[in-house]
Amino acid sequence: MTVFPEPDPSTLSLARAGDREALGEILRQVQDPVLTLCLRILGDRSLAEDCAQEALLKACRGLPTFQTGRPFAPWLATVVIHCARSFRSRRIPRSVPLETALPAETPGGDAAFATGVRQAVDALPLPYREA
């Protein structure tokens, strides 16, 4: 389980007020746990790094609206989880071109059969074609 550190209340107040040093201190404390959570959700290091950066930017922009007196860690975790889910839904599926996956002629078969299979697969909705 990824645990976000709870920043010092005075540092958090300064960061909310626009103090760049205070904000930098908070970001240094949470950057590794944010990346870890993104990696656990997305399973791809490159995507996780992009997601962590976007999540931290969203958190920075939302910090002035963060309610003081409430725990910071669950708020940040929610921002990160929402961002990772968004990344996961935007993820472009990687598929192998059908030409390389299915030869023009199958061993022991004929080109007409391969062409028929290719046409049938092309007619399927995208998620089924990828499988």
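These legends describe close-up views of a predicted model.

**View 1. The whole chain is helical in its assigned elements, with seven helices and zero strands.** Along the sequence, the pattern reads α-α-α-α-α-α-α. The protein chain has 131 residues, and buried residues make up 31% of them. Its accessible surface comes to about 8,700 Å². Carbon and sulfur atoms account for 56% of that surface. Among contacts with a separation of 6 or more, 58% join residues 24 or more positions apart.

**View 2. Helix α4 spans residues 72–90.** The helix has 19 residues. From first C-alpha to last, α4 reaches 27 Å, close to the 27 Å expected at 1.5 Å a residue. Its buried residues are Phe72, Ala73, Leu76, Ala77, Val79, Val80, Cys83, Ala84 and Phe87. Seen down the axis of α4, these residues fall within an arc of 160 degrees, so they line one face of the helix. An α-helix has 3.6 residues a turn, so residues three or four places apart point the same way. On the other side of α4, His82 and Ser89 are exposed.

**View 3. The buried residues of α4 pack against three helices: α1, α2 and α3.** In residue numbers, α1 covers 9–16, α2 covers 20–42 and α3 covers 45–62.

**View 4. The largest nonpolar core holds 29 residues.** Those with the most contacts inside this core are Phe4, Val34, Cys38, Cys51, Phe72, Leu76 and Val80. Two or more core residues come from each of α1, α2, α3 and α4. The most come from α4, which gives nine.

**View 5. Cys51 touches Cys38 and Cys83.** Leu42, Ala84 and Phe87 are also touched by Cys51. This list leaves out residues up to four places away in sequence. Cys51 is also among the residues with the most contacts inside the largest nonpolar core.

**View 6. The cysteines shown here form no disulfide: a search of the whole structure finds zero.** For Cys38, the nearest cysteine sulfur is that of Cys51, 3.5 Å away. Cys38 is buried, with a relative accessible area of 0%. For Cys83, the nearest cysteine sulfur is again that of Cys51, here 3.8 Å away. Cys83 is buried too, with a relative accessible area of 1%. A disulfide needs two cysteine sulfur atoms within 2.5 Å. Therefore neither Cys38, at 3.5 Å, nor Cys83, at 3.8 Å, counts as part of one.

Note on methods
Residues numbered from 1 in each chain as written. Predicted model: local features only at pLDDT ≥ 70, side-chain atom pairs only at ≥ 80, totals over all residues. Heavy atoms only, no water. Buried < 20%, exposed > 50% of the residue type's maximum accessible area, 1.4 Å probe, protein only. Helix = DSSP H or I, 4+ residues; strand = E, 2+ residues; numbered from the N terminus. Expected span 1.5 Å × (residues − 1). Arc of directions from axis to C-beta. Contact = heavy atoms within 4.5 Å. Core = buried A, V, L, I, M, F, W, Y, C linked by side-chain atoms within 4.5 Å. Areas by Shrake-Rupley, 256 points an atom, 1.4 Å probe, with all protein chains shown as cover.
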